[in-house]
Amino acid sequence: MSLPGLASSAVRRSILRASRTAEASPRWLASGSVASQCFVRGYRPASVTAGQRRALSSTVRRRFASVDDSFDPSTIERESDEVDVCIVGGGPAGLSAAIKLKQLANAAGNEDFRVLLLEKAGELGDHIVSGNVVEPSALNELVPDWNSEDNPNRFEPATPATKDKLRFLTKNSSIPIPAPPQMNNHGNYIISLNQFTKWLGERAEEVGVEVYAGFAASEMLYHPDGSVKGVATNDLGIGRNGKPKDNFERGMEFHARCTLIAEGCHGSLTKKVTKKFDLRRDSQPQTYGLGIKEVWEIDPAKFEKGLVAHSMGYPLPSDTYGGGWMYHFGDNMVSIGLVVGLDYPNPWLAPYGEFQKMKHHPMYKHYLEGGKCISYGARTLNEGGYQSIPKCAFPGGALIGDTAGFLNVPKIKGTHTAMRSGMLAAEAAYDALAGTKDTEGAVFLFDYEEKLRNSSIWRELKQVRNMRPSFNTPLGLYGGIAYSGLEAYILRGYAPWTLKHRHRDHEATKPADQCRKIDYPKPDGKISFDILTSVSRTGTNHEEDQPCHLQVADWDKHAALEWPKYKGVENRFCPAGVYEYVEDETKEIGVRFQINAQNCVHCKTCDIKVPDQNINWQTPQGGEGPKYVMT
């Protein structure tokens with residue numbers, strides 16, 4: 001479906017204005033907005049890629065005038081577009097909200113109702129990584145024939161879960177333990193969330209959603225009364241020195257009466273809007289995990305289609321929450337990974353190194369030997385649960401999906417809750433917009449908060465609210481296992497108490513001299529791999545001549561704060577080799593802090609775990625980052 005057929009006349013007029021004024025533009029004014037150029041080139045919604053955006057920038061008319069070092073790009077007015085609802089993030093939550101909104105509008109005969117979705121990845125799904133065993137409850141409601149053989153557009157790569165296995169691991173053995181009811185996967189499906197997101201994007205286009213992939217929303221826009229007006233995408237063609245280059249192109253503004261933020265875990269805009277409206281005022285601190293994943297093609301003789309296996313214990317120490325998984329799906333494909341709670345205390349621990357160790361355990365090694373690793377990915381996830389959910393509605397918009405923290409940790413599932421939250425927000429947004437006039441400004445989604453509290457999301461998260469924090473008691477891992485069993489089989493969420501998350505994850509990190517140093521074995525290149533080999537399997541790419549999106553105000557000051565106390569914790573918590581401390585005799589502490597931003601896989605671990613909270617993850621140019629396959 002072509003975007004011109006969906007665009008409003010106002011958008012087409014703005015494009016014509018841009019084309020008429022291009023030749024008369026000031027020397028640093030782009031010859032047209034990014035969106036305008038997409039129209040001119042013949043827009044294909046789900047196929048707008050990072051490469052395309054860079055190609056567009058490289059064809060901008062050359063400017064031979066000398067560079068004015070005092071030039072401020074922000075003085076150039078941005079092109080803008082008016083839509084009914086703007087959604088930031090093209091994951092399951094954002095796409096579900098977009099589809100539901102258009103379903104409601106189309107059913108009401110309001111086909112001019114504009115729903116626009118911005119996704120920072122070059123293509124939908126490129127930044128998506130997850131286990132993933134999906135509970136199809138929300139999907140069954142949103143797209144009832146998603147798995148029907150009568151539907152030519154059904155999602156075919158879904159493998160029914162056939163067998164559950166839960167093991168407690170020691171270094172060389174595997175002990176069967178009973179799985180709690182939440183981990184029963186009967187009726188669920190093993191999928192690649194990366195593939196599923198691409199498929200869901202096609203369904204969104206079919207109902208008329210305008211999908212802009214490769215557009216990174218980097219700024220919240222506000223009305224004079226403080227309510228959200230929309231978002232702006234970041235400028236292109238800014239050099240590492242912060243100065244515009246010849247291919248400079250101003251970002252674009254998207255104005256909407258309702259803006260839904262669906263960035264996923266620890267999003268950059270979510271942080272800003274949460275702070276502005278104090279959305280966490282009544283909730284406990286969010287706690288996070290880092291999930292590291294590989295996809296393997298294994299020996300067909302070892303393949304057990306539909307197997308869903310989980311493990312606890314080895315290789316993680318008893319003071320660290322986490323566990324491994326292995327899912328057999330498709331044709332001889334295996335998803336294998338490890339989640340490490342980011343409230344771990346030992347700064348010598350490296351989640352990537354723990355994952356490589358785990359694969360050599362007999363339970364996993366048996367399946368991987370003779371196979372081939374084809375993909376790698378890493379992403380943080382919210383683990384705080386019920387007591388860490390913030391206020392989700394704010395003037396002019398709402399938080400949906402994992403950006404709000406709807407993951408059910410004991411269930412090891414969040415896709416169904418993310419989709420459900422997007423659908424609930426869509427219903428609330430459509431009702432609010434339909435009940436007011438366009439001239440009345442931004443809306444407040446009161447109904448969204450109420451719908452959440454009356455939904456299955458709230459019920460299932462409340463039922464398991466005490467399981468994750470029970471692992472932070474003095475009894476540690478074993479106490480957490482025992483208490484979780486009590487909750488799962490006896491209390492079932494009816495306990496008259498709610499356990500608390502005691503601190504934010506970075507506050508749990510102890511000084512290096514108080515902890516046991518961990519030396520990780522050298523990778524063998526067959527089962528385990530060095531970190532740069534793994535990063536090469538992510539397809540990650542960033543233009544080097546741009547401002548560093550991993551923002552540290554003063555690198556030397558950062559090193560002076562972090563190195564003496566934590567001895568390079570950034571190098572170990574990062575699953576992509578972004579951070580290094582390089583020996584440098586000219587520095588007082590003997591090392592120099594270095595950021596290899598081009599390696600970044602957008603996992604957000606650094607923003608969460610760095611002890612002094614002085615690394616800010618900000619979105620880079622649209623379309624950059626990983627290009628995941630089957631993750």
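How many bridges join β3 to strand β7? The count is two, and the strands concerned run antiparallel. This report describes that pairing, together with the chain as a whole and one helix, in a predicted model.

**Overall architecture**

The chain's secondary structure amounts to 17 helices and 24 strands. Of its 631 residues, 61% are buried. Contacts between residues at least 6 apart in sequence are distributed such that 79% of them join residues at least 24 apart.

The area exposed by the chain is about 25,300 Å². Carbon and sulfur atoms supply 50% of that exposed area.

**The three-stranded sheet**

Strands β3, β7 and β4 form an open sheet in the order β3-β7-β4, and the pairing is antiparallel. The edge positions are taken by β3 (133-134) and β4 (159-160), each of which pairs on one side only.

Strand β7 comprises residues 189-190 and is joined to β3 by two bridges. Within β7, I190 is the bridge partner of V133.

**Helix α12 and its surroundings**

Helix α12 spans residues 456-463, and its buried residues are I457, W458, E460 and L461. In an α-helix there are 3.6 residues a turn, so residues three or four places apart point the same way. The cover over the buried residues of α12 includes two helices, α10 (415-434) and α11 (446-453).

The N-terminal end of α12 is capped by S455. In this cap, a side-chain oxygen of S455 lies 3.2 Å from the backbone nitrogen of I457, a residue that is also among the buried positions of the helix.

Terms used:
Residues are numbered from 1 along each chain as its sequence is written. This is a predicted model: local features need pLDDT of at least 70, side-chain atom pairs count only at pLDDT 80 or more; totals for chains, interfaces and linings use all residues. Side-chain values use heavy atoms; hydrogens and water are left out. Two strands pair if DSSP finds at least two bridges between them. Helices (H or I, at least four residues) and strands (E, at least two) are DSSP runs, numbered from the N terminus. Buried means under 20% relative accessible area, exposed over 50%, partly exposed in between (1.4 Å probe, protein chains only). Contact means heavy atoms within 4.5 Å. Accessible areas come from the Shrake-Rupley method with a 1.4 Å probe; for residues, only the protein chains shown count as cover. A polar contact is a pair of N or O atoms within 3.5 Å; within protein, one must be able to donate a hydrogen and the other to accept it, and residues adjacent in sequence count only if both atoms are side-chain atoms.
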